[in-house]
Amino acid sequence: QLRGINMADDSFLDNALLTLLIQKILLRESSEEHPLTISDILEKLHQYDIFPDRRRIKNILELFYSYSQEYPESLFTVEKIEKSDLSNAGYNWYVVPPLDPELVEYIALGITPDSRLSSEQLKNLFGTVSLLGGYDALNLLSNITIEDDKHERLTNNQLYSNIKKLTSAIQEKLQVTFELGGYNTELKLTSAPSGLDHKKNKYKVFPVKIVARRGQYYLLARFADEGKLYHFSLEYMLNISIIYRDKKDGEKIQPVEQIPETYPLDYLYMYSDPLETFTIHVKNERSARNSFFNDFGHVKEIYNKTNTTFDAKVEANEIAMTQWALHNYDIATVEGPLLFQLNFLHSLLQHFHNNHHLLFLVHL
């Protein structure tokens, strides 16, 4: 709608449109290290087939500058610096972005790998967010290709509305009911029994906290008659309902519970069983080290370091450690309580038994 506008008059609409466009140009094209002259701004406007008078541009810039001086905490702040070329008096202009460009870069890079948004949605989001960081944040992702696989992922469409309901219930200390679903062979997320399922899984709990671990959300919750904390993946939670208390209801309100920030790091694969101490003997080679530290992070105790192996003590629960050990038996061995050893041996034998049958069938 702006293209071809002469903007020779001073109508309110024309001034407003021109002001917004100059604001956009300053945000996208200027920084303290890269200030713009009035001629630079005019050249950008000419690309839109807009040809305003230089004085109007200068008046708008001075208005931006005066407002910025009067309200330095405003989101949009314009500064001016004198030109270094004495033969060409005047000022260069630049915008101080609403957010630190480096912070905007962290935001953009942080949401990319595990985002549920499509690549097109991410591009639109980055275009908006990068404006908040100004010129310096605009080109960050120009050389990063975003994998466009979101259309192939199976997702819970109730996830975000469920998070809102759960946070409200946590704040009000209310119970919730929900159904724990799963995907059937028609690729539909449903709580209806399918295949070998016996019945619908429905729960009534006190939600305590929502934690995020590696792009997945989990609800920490307690049953009314138990003290143990349970974990539920929000990926499979369906049909959440809040149970509102009647004013006459004398049910004891649960006290506020503090969950440490390190909680998601302490629970490998987010199983809720109690933590135990395990000793892991890890192969001392690059791929094994990277895999181990990627899963366990900052390990508190590493010892017996040699050129071939090293030992580490970690805390995890039995189910999670069994799963980890099965996935990594080629790079590490795990020592733990007797019950863990027996269960792991049973799982390992079952694993190789299944593979043996698979190989046999392939051979036939």
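Thr 177 has Ser 241 of strand β9 as its bridge partner. That pair is a handy way into this structure, which is a predicted model. Thr 177 belongs to the stretch covered by strand β3, residues 175–180, and β3 pairs with β9 in the antiparallel sense through five bridges.

Zooming out from there, β3 and β9 turn out to be part of an open sheet with five strands, laid out in the order β8-β7-β6-β3-β9 and paired antiparallel. At the edges sit β8 (230–233) and β9 (237–243), each of which pairs on one side only. From one strand to the next, the twist averages 50°.

Moving along the sheet, β3 also pairs with strand β6 (residues 201–213), again in the antiparallel sense and over five bridges. Here Val 176 is matched with Val 205 in β6. Next comes the pairing of β6 with strand β7 (residues 216–222), which is antiparallel too and runs over seven bridges. One example from this pairing is Ala 212, whose bridge partner in β7 is Tyr 217. β6 and β7 form a hairpin with two residues between the strands, and in this hairpin Arg 214 takes a positive phi near 55°.

At the β8 edge, Tyr 230 is worth a look, as it lies in that strand. Its C-alpha is 5.6 Å from the C-alpha of Leu 220, although the two residues are 10 places apart in sequence. Leaving out residues up to four places away in sequence, Tyr 230 touches Leu 219, Leu 220, Ala 221, Phe 223 and Ser 272.

Aromatic rings add another kind of link. The structure holds 16 aromatic pairs. In one of them, the ring centres of Tyr 183 and Tyr 236 are 6.3 Å apart and the ring planes stand at 80°; planes over 60 degrees apart count as edge-to-face, so this pair gets that label. Tyr 183 is in strand β4 (residues 182–183), while Tyr 236 is in the loop between β8 and β9, so the pair ties together parts that are 53 residues apart in sequence.

There is another open sheet to describe, this one with four strands in the order β11-β12-β10-β13 and antiparallel pairing. Its edge strands are β11 (301–303) and β13 (332–335), each pairing on one side only. On average, neighbouring strands here are turned by 25° against each other, with direction ignored. β11 runs antiparallel to strand β12 (residues 309–316), and three bridges join the two. Within this pairing, Glu 301 stands opposite Lys 313 in β12. A helix comes into the picture as well: α9 (residues 318–327) lies across β10 (276–283), β12 and β13, and runs at about 10° to β10.

Helices also pack against each other. Take α4 (residues 101–111) and α5 (residues 119–133), whose axes come within 8 Å and cross at roughly 165°. Angles over 145 degrees count as roughly antiparallel, so that is how α4 sits relative to α5. The crossing in which α4 passes α5 is right-handed. On the α4 side, the contact involves Pro 101, Val 104, Ile 107, Ala 108 and Ile 111; these meet Leu 122, Leu 125, Phe 126, Val 129, Ser 130, Leu 132 and Gly 133 of α5. Sorted by class, the residues of this contact come out as 10 nonpolar, two polar and no charged.

The packing of α2 (residues 38–46) with α3 (residues 54–70) has an angle of about 110°, and the axes are 10 Å apart. Because angles of 65 to 115 degrees count as roughly perpendicular, α2 falls into that class relative to α3. The crossing of α2 and α3 is right-handed. From α2, the contact draws on Ile 38, Ser 39, Ile 41, Leu 42 and Leu 45, and from α3 on Arg 54, Ile 57, Lys 58 and Leu 61. This contact of α2 with α3 has six nonpolar residues, one polar and two charged.

Note on methods. Residues are numbered from 1 along each chain as its sequence is written. This is a predicted model: local features need pLDDT of at least 70, side-chain atom pairs count only at pLDDT 80 or more; totals for chains, interfaces and linings use all residues. Side-chain values use heavy atoms; hydrogens and water are left out. Axes are lines fitted to C-alpha atoms, for helices over the stretch in contact, and angles run from 0 to 180 degrees between N-to-C directions. Angles under 35 degrees count as roughly parallel, over 145 as roughly antiparallel, 65 to 115 as roughly perpendicular and the rest as oblique. A crossing is left-handed if the near helix is turned anticlockwise from the far one by less than a right angle, and right-handed if clockwise. Contact means heavy atoms within 4.5 Å. Ala, Val, Leu, Ile, Met, Phe, Trp, Tyr, Cys and Pro count as nonpolar, Asp, Glu, Lys and Arg as charged, and the others, Gly among them, as polar. Two strands pair if DSSP finds at least two bridges between them. Rings of Phe, Tyr and Trp (its six-membered ring) pair if their centres lie within 6.5 Å; planes under 30 degrees apart count as stacked, over 60 as edge-to-face and the rest as tilted.
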